[in-house]
Amino acid sequence: MQLITCPYCGPREEAEFHYGGQAHVPHPADPGSLSDEEWAHHLFFRDNPRGPFAERWVHALGCRRWFNAVRDTVSYRFHHIYRLDQARPETP
Amino acid sequence: MNALRLPAGGRIDRSTTYEFTFNGQRLTGHPGDTLASALLAHGIHRTGTSIKLGRPRGIAAAWAEDPNGLIQIEEPFPEPMLLATTVELTDGLTARGIPGQGRLADVPDSARYDARHSHADLLVIGAGPTGLCAALTAARAGARVVLVDEQSEAGGYLLGSTDRIDGGPALDWVAAATAELAGFADVLHLQRTTAFGHFDDGFVLALERRTDHLGTPTHVLGGETAPPHKSRQRVWRIRARHVLVAAGAHERPVVFSDNDRPGIMLAGGARTYLHRYGVLAGRDVVVFTTNDSAYAAAVDLADAGARVHAVVDARAATPAAWVQKCVRRGIPVRAGRLVTGTEGVERITAVAVAGERIPCDLLLVSGGWNPAVHLFSQAGGTLRYDGGLGAFVPGEERDGVSVAGGAAGVAELGGCLADGRRAAEGALGGLGFVPVDSPSPVAEAHVDGQPSLVLWRVADGDQRTQFVDLQRDATVADIACAIGAGMRTVEHVKRYTTIGTAHDQGKTSGVLASGIAAELLGRPVGELGTTTFRPPYTPVAFAALAGRDRGSLFDPERTTAVHAWHVARGAVWEDVGQWKRPRYYPLPGEDMEAAVLRECAAVRGGVGILDGSTLGKIDVQGPDAAEFLNRLYTNMIATLKVGSVRYGVMCGADGMVIDDGTVLRLAGDRFLVYTTTGGAAAVLEWMEEWLQTEWPDLRVYLTSVTEQWATFPVVGPRSRDVIGTVFPDVDVSNAAFPFMTWRDTVLGSNRSGHDASTPRSARGGRPAPDQDVPVRLARVSFSGELAYEVNVDSWYARAVWERLVAAGERHGITPYGTETMHVLRAEKAYPIVGQDTDGTVTPHDLGMSWAVSKKKPFFVGKRSFHRADNQRADRKQLVALLPVDRNLFLPEGSQVIEGPSVPEPPIPMLGHVTSSYRSAALERTFALALVKAGRTRIGETVHVPVAGALVPVEVAEPVVFDPEGARRDG
Amino acid sequence: MTTVDRAVPPGADLPEHADFLWRNPEPKRSYDVVIVGAGGHGLATAHYLAKNHGIRDVAVLERSWLGGGNMCRNTTIIRSNYLWDESSAIYEHSLKLWETLEEDLGYPILFSQRGVLNLAHSLQDVRDSVRRVEANKLNGIDAEWLTPDEVKKVCPIVNTSQELRYPVLGATYQPRAGIARHDYVAWGFARRADEAGIDIIQDCAVTGFRTAGDRITGVRTTRGDIAAGKVVLCAAGTTTVLTDMLGLRIPVQSHPLQALVSELLEPVHPTVVMSNHVHVYVSQAHKGELVMGAGVDPYNGYGQRGAFHVIERQMAAAVELFPVFARAHLLRSWAGVVDVCPDASPVVGKTPYEGLYLNCGWGTGGFKATPGLGWSLAHMIANDEPHPCIAPFGLDRFVTGALIDEHGAAGVAH
């Protein structure tokens, strides 16, 4: 069980958070203009890297705020945690 | 009786005698004994037989590393697969040896288990010399310290030694150290507490054994007893900024032929039995060692009166100082010799040493020490093979974790004391504490010796009796067989031989297996590695991990404000999510069918009342609230007028229905959204996700008000009378209060001015008795009947409910449950999300194209409606099914096929029955179903297999009752 | 209600292993077929390539040790009582192969058809269960709906008290379902493949692909380049690490899935019990240990470990459903890396690269599919056309929207 630092509340137990998958996948501005294939990719296809991964979390049992994090999917260690209005930090 | 108990010494309470039963034999022991020490005091080594070969096996160590000594406790409560070495003796204990399989009790365990959280700057695991030194160093610096240790008292290795610190017995120093720790307010020191799991970010789980050692009240002769409410075991959830593993080391045996007989024991174990329990593990002793540490056992046992016939040292170069001590006691030392075999059946009787036969009843073995790196490794720490120790040691530094003392490979006492202090000071620096100056404890001078020899096995003899994992009966021959079969990795060898998978999880056998496999493969041990250490370090009872989360606490039970009324009324319950909802209210003699038919008829014929408080409610506020909801619902919300209500459907981005409910517009910038009971939390999270991650520019605020509002639909043609009576201020006529509108009113005195949307807490608590109770009424209907939904602050819910029931009495108002609600809504084909949908159903499939806006350029899910699969003509669509036999009930979940004959499987399926009921209004059964191209099949006959028969059913328009909607205005 | 013979009771001795299982050959420079991943799926595919199609110039490449991934980390439940036609077809094909697999492999795999109960705890569970049972029957799969009393007869230790927080309202029962010994299955397939002349190359990680235009021509490995006529990916949780090398996107996410065992216990649990609502699944293996699992950890993870609170929750569920388990002890816990698709169904099929075949996304269903998938995948490799059992599982379904959604109504997907 990790200790995840909510940008609004500080460090809290992992069990308080819900996972939101890959970050920085904005909803298309005009879905109607996408082909079925492009739409399928938006709906269902996400990166799945072995290593650092920019992803979304929500402090579901706390402040209910969403935020982003760069976490290593092998060590599970959080490298960066940042608010939605912040740019993704450079990762090593 | 205790023939091998020494007249004095040890840390047992000789003033009290316990009786216990082992393998049917009545025996005695003392407080402070373990089951193992009490047995050894009677000269009993053998506990049982081995799992596969049935060979006699006995106690082979003094703590959790014992691969043998498996027992089953029968009294006071059956517990399987414990080690005699770790069970504290209690009066009346009844146990037996087992060959490797335990027995579960056939009655539930009534003991209580719980958990506590603790936070620390420094967690020290192990209260031996290293851990105590570390804990003292940190406590003196002002750090918040948690110190846990698995034994009944602190001291670790010192409990089984004669070592001296600061010129006195080491245990005096231990006592002083623990006393000093007890004086710090911020130190939590827990004995009988095993750290069993180490996870990310300094999270450690430890199991505290709180009552077993106290015995059961009926058996205790004196002293403390366990109060019945005290938890038997407690899981400590410790979150520490720094974790120091000071768990010591496990002695390792050497493998040789017939190395499994009772009476063969680790040398350090015998020393512990002597010093801690005052027990001689044998009278005629041979010691076989590859290192200096076992000499102390030889010397101590000789001093205690045992005849030590030989120290067999595998090394050619023996430690001069120790040899001298042996010579003084007449103990022959055989240098450069090996034990090649043993004799004896129930107990060892002799040892073979290079052709020489030495009679004995105890063979002590030491092949070196394995640092207890389990907890370091569990948290992801990598290990490195140390060729000098013949063991795996921590291979890297890790943030927030350090390892010190025996667990880091430090061998002697002085080094451990210093290492504990060093490790604590290192950690304190990182935590912002300044170590205070204090004198370091001084251990007596270490006896200089010779380097250890790394020896895994003695090759002479039959590999099939050279046991590597005693509990699994796995031998050198098995390892050779695995390698011969083509296996080249430790993991394969382990799986093929089962070495390391037993109760002890390879505490003695793991490294041996790596060493022997490496030897047979001709590869370095370090390259081959060892298997991964996994939690738990020692086994933990399921119930301890379950803790208090059992029975009604397994999952919170949510009840409405009117729950007690439902209970009094004899409601039968349905679990809906975490909620307890009345399913129906049977009258005496009624079964569900009768009760539901009665409730349905009462609603359609008069008036009924439902507790709908479990519906999810979300307060949506802000200048952009209308735009926000417009994007989430498939239909138009922005055009909803203040004072009006609209039904809305929500889809996922994939276009499938995820929730539905009504939306009330309270103000230009404020809506109250109703969700399904089960979907409330998910819908709020779904809304927050879109709002925060996609549309942060929208000025909208979401608040769950599910618990704040109680909701009571009053339903049926006479509902207007009831509402009109209870709320005389409200004009309940259709013209003044039309369908799909809401009105605020008050109950009580006629003063107005209360804003119903302000929760009670904001008004500063319960108003005085003469104050008005704000109420919101909404003309919505989930039954097709005239209906008023009464919404009231939960604080007044019971009173309002009772007012409604009282006012309805003369109309025969009938409380009804979820089952009747379902029948009534199904007659109108109102779907239940999750029952009539399953994640593959669109609004169009439900016949609700009318609820999908064609004007809105965007709403969530819209794009997915244009995919190829959504355009298929044979999509499953919601229709009604009317069994040709009007009395025949279709079980929900039944499959629909063409029929009328049944071909060989696989038989194509057209769809399935989602809802099925008896209709009081229609006086017949009916069902809703999702059927392929269902709407084009209306009027056709299809078939449903029911209990082995094929039942013809007619496909019908989904709305089977009052299709014109004539009843909703009363 | 059907009862079945318990072929191998818990507590029975394990059989002797074969003296010889496989060679450890050096890789050749070229093979007709290279299979990436020597887990159950890769090894079974190799076996059926040789057995059914006479294709023997095959290498199975394994970055670690064979059978060391999800194959040895799963809870070995074998069943075919899935909801949708497409799923039940492949799993039933597989179950039929399981029923003769021991003879086919000439190796003991301890396949024990002790039945599986999927418990229902809510009215919606009951609807979903009946729906699945009725669908199974029409698809020719053995399935029954049991009342709580009948559940008690099949598995007396289940707590069917209506006082339970979520009482057992009934269960689906598939008598032909069961468990097998996962390691032995891997070894049995490996031994047969090796006998057929197929090279199993362990400690050989694929680091890249060789391509000529849109055609795959081989793989790059830590033990040198290996040319291949066809390349088959059977890499489960690490599949996307490989497909990323080709810029090929597939809709799978890798998650930790934990499991655990107790110590050895006298037989108490005669069948397999799964509960989606109270969320645990448990069987008692041949030697007597209770083998248990629950849901996946929510986040992406390749670490072969998960969060312990998931296990604590599972223990609470176990003791709730089986009060006699209270003083059983957790002996060891571990995790695998499961590759999960959005609809909880696998992706098997051809790819935009000629000669490259994809097999992944089995989530928690991979073990039970092993022989059926191996059979079908070998068929596709040999004929360059999907076997009917796997044809519905192509990537195209995500574009059309014709998902095979086993989340919805199929009970536990494990």
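A residue is called buried here when its relative accessible area is under 20%, exposed when that value is over 50%, and partly exposed in between. Arg398(B), at 22% relative accessibility, therefore counts as partly exposed. This assignment, like the others below, refers to a predicted model. The side chain of Arg398(B) meets that of Glu396(B) in a salt bridge, with an N to O distance of 3.5 Å. Glu396(B) is also partly exposed, because its relative accessible area is 31%.

Salt bridges were then considered across the whole assembly. Over all chains, the count comes to 94 salt bridges. Side chains of opposite charge can pair when their charged atoms come close. One such pair within chain B consists of Asp969(B) and Arg779(B), whose closest N and O atoms are 2.7 Å apart. This pair links distant parts of the chain, since 190 residues separate the two positions. Asp969(B) belongs to the segment after strand 50 (949–956) of chain B, whereas Arg779(B) is placed in the loop between strand 42 (773–778) and strand 43 (787–793). The two partners also fall into separate accessibility classes: Asp969(B) is partly exposed, with a relative accessible area of 26%, while Arg779(B) is buried at 0%. In chain B there is, in addition, a network of salt bridges that links Arg55(B), Arg57(B), Asp258(B), Asp260(B), Arg261(B) and Asp473(B).

The interface between chain C and chain B was examined next. Here 74 residues of chain C are in contact with 90 residues of chain B. The area buried between these two chains is about 7200 Å², and carbon and sulfur atoms give 57% of it. On the chain C side, Leu138(C), Arg165(C) and Arg327(C) lose the most area to chain B, together accounting for 13% of what that side buries. Between the two chains there are 40 residue pairs in polar contact, both residues being at pLDDT 80 or more. Several elements of chain C each supply at least two residues to the side that touches chain B, among them helix 5 (182–195), strand 12 (253–264), helix 7 (308–321) and strand 16 (329–340). The largest share, nine residues, comes from helix 3 of chain C. By class, this side of chain C divides into 39 nonpolar, 16 polar and 19 charged residues.

Eleven salt bridges are counted between chain C and chain B. One of them joins Arg305(C) to Asp200(B), with the closest N and O atoms 3.0 Å apart. Another is formed by Asp555(B) and Arg313(C), for which the corresponding separation is 3.8 Å. Asp555(B) lies in the loop between helix 13 (542–546) and helix 14 (563–568) of chain B and Arg313(C) in helix 7 of chain C, so this pair joins two chains. Asp555(B) is buried, at 16% relative accessibility, whereas Arg313(C) is partly exposed, at 34%. Strand pairing also connects these chains: strand 31 (residues 540–541) of chain B and strand 16 of chain C pair in the antiparallel sense over two bridges. Within this pairing, His329(C) is the bridge partner of Ala541(B).

At the interface of chain B and chain A, 25 residues of chain B are in contact with 25 residues of chain A. These chains bury about 2200 Å² between them, with 47% of that area on carbon and sulfur atoms. Four salt bridges are found across this interface. In one of them, the side chains of Glu688(B) and Arg64(A) meet at 2.8 Å, N to O. There are also 17 residue pairs in polar contact, both residues being at pLDDT 80 or more. Helix 17 (680–694) and strand 39 (701–704) of chain B are the elements that give two or more residues to the side touching chain A. Helix 17 gives the most, with eight residues. This side of chain B has eight nonpolar, five polar and twelve charged residues.

Arg56(A), in strand 4 (residues 52–58) of chain A, takes part in contacts with chain B. A polar contact of 3.4 Å joins its side chain to that of Thr693(B). Beyond four places in sequence, Arg56(A) touches residues of both chains, including Tyr19(A), Trp66(A), Phe67(A), Glu689(B) and Thr693(B). Arg56(A) counts as buried because its relative accessibility is 14%.

Terms used:
Residues are numbered from 1 along each chain as its sequence is written. Chains are lettered from A and ligands numbered from 1 in the order in which they are written. This is a predicted model: local features need pLDDT of at least 70, side-chain atom pairs count only at pLDDT 80 or more; totals for chains, interfaces and linings use all residues. Side-chain values use heavy atoms; hydrogens and water are left out. Helices (H or I, at least four residues) and strands (E, at least two) are DSSP runs, numbered from the N terminus. Buried means under 20% relative accessible area, exposed over 50%, partly exposed in between (1.4 Å probe, protein chains only). A polar contact is a pair of N or O atoms within 3.5 Å; within protein, one must be able to donate a hydrogen and the other to accept it, and residues adjacent in sequence count only if both atoms are side-chain atoms. Contact means heavy atoms within 4.5 Å. Buried area is the accessible area (1.4 Å probe) that two parts lose on being put together, summed over both. Ala, Val, Leu, Ile, Met, Phe, Trp, Tyr, Cys and Pro count as nonpolar, Asp, Glu, Lys and Arg as charged, and the others, Gly among them, as polar. Two strands pair if DSSP finds at least two bridges between them.
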